[in-house]
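Student: Hey, I've just been handed a structure and I'm new to it. Can you walk me through it?
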Amino acid sequence: MQPQQFSLSHLWAQGDFVTHAIALILLVMSISSWYVIVTHTLRLVANRRRAAAAHDFWHAHRFDEGLAQLTGKTQDNPFRLLALESQAAVAHHRDNQADLHGQLSLNDWLISSLNGAIEEGTERMQRGLSLLASVGSTAPFVGLFGTVWGIYHALIGISAAGAASIDKIAGPVGEALVMTAFGLAVAIPAVLAYNALVRGNRAVVGKLNRFAQDLHAYFVTGAPVARDQAQAKPQLAVVNGQPKHVG
């Protein structure tokens, strides 16, 4: 019995259509799950930086200055999306009092708008994670099916030879063991990454909720809004009996 009989190329060459199909399915699962792992990990790291920038938002003197701290595209930055949605909700409520939602209080309308923005940001962060859960739960069984098929080939070899020769069963048993290992190698990273990403996203969502509470307090109290509007308007002063702009 030669060592080459246990090489992956030899196992692939002696496999049939079912074995090749199972191996290709596991390969597609692995590539897909690793793509999701890498992209979502990078997004989670970026969201953690954005959460730190959201903390600096409240150290700005005006809303637009704080908004400048929340860099990046709005659809990629859930904190920027939340700030813009809250500002737009207040303006829309003020300018459309004749509509049905104008009968709602600013407090209720703003809460509804903030909740919608949080749900949108949360859905974007969790998009694709279901693939990791599916791969983690199904890959071991796909590999197990390959294992069963390899053992079936071993039994066929024994039956054809009339004796349990090691040369007849070594290849199919090795094929079965490789399929088992391949299924586990695909499933384990997917499960670990899914748990880590869900835990990390949950922490970001918690910071989003706190940021939304601060935005709600900022707009509902009215004092900060009035102060910003006053600073945005040119001030007048009377000089020698004539009004002139100051500042």
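Tutor: Sure, we'll go through the core, one helix, and then the surface. Keep in mind that this is a predicted model.

Student: Cool. Which residues touch the most other members of the largest nonpolar core?
Tutor: Those are Leu26, Leu70, Phe79, Leu82, Leu132, Phe211 and Leu215, out of 44 residues in that core. Helices H2, H3, H4, H5, H6 and H7 each supply at least two of its residues.

Student: And which helix gives the most to this core?
Tutor: H7 does, with 14 residues.

Student: Let's look at H4. How far does it reach?
Tutor: H4 covers residues 78-95, and its first and last C-alphas are 25 Å apart, close to the expected 26 Å. Among its buried residues are Phe79, Leu82 and His93.

Student: What caps its N-terminal end?
Tutor: Asn77 does: one of its side-chain oxygens sits 3.1 Å from the backbone nitrogen of Phe79.

Student: New topic: how many salt bridges are there in the whole structure?
Tutor: Two. Arg124 pairs with Glu120 at 3.3 Å, N to O, and Glu123 pairs with Arg127 at 2.5 Å, N to O.

Student: Why are Arg124 and Glu120 about one helical turn apart?
Tutor: Because they are four residues apart in helix H5.

Student: Back to nonpolar residues: which ones form a patch on the surface?
Tutor: Leu24, Leu27 and Ile31, with about 280 Å² of accessible area together. Leu24 is in helix H2, and with a relative accessible area of 46%, Leu24 is partly exposed.

Definitions and conventions: Residues are numbered from 1 along each chain as its sequence is written. This is a predicted model: local features need pLDDT of at least 70, side-chain atom pairs count only at pLDDT 80 or more; totals for chains, interfaces and linings use all residues. Side-chain values use heavy atoms; hydrogens and water are left out. The expected span of a helix is 1.5 Å times one less than its number of residues. Buried means under 20% relative accessible area, exposed over 50%, partly exposed in between (1.4 Å probe, protein chains only). A polar contact is a pair of N or O atoms within 3.5 Å; within protein, one must be able to donate a hydrogen and the other to accept it, and residues adjacent in sequence count only if both atoms are side-chain atoms. Patches are made of residues with over 30% relative accessible area and no salt bridge: like charges are joined within 9 Å, nonpolar side chains (Val, Leu, Ile, Met, Phe, Trp, Tyr) within 5 Å. Accessible areas come from the Shrake-Rupley method with a 1.4 Å probe; for residues, only the protein chains shown count as cover. A salt bridge is a side-chain nitrogen of Lys or Arg within 4 Å of a carboxyl oxygen of Asp or Glu. A nonpolar core is a set of buried Ala, Val, Leu, Ile, Met, Phe, Trp, Tyr and Cys residues joined through side-chain atoms within 4.5 Å.
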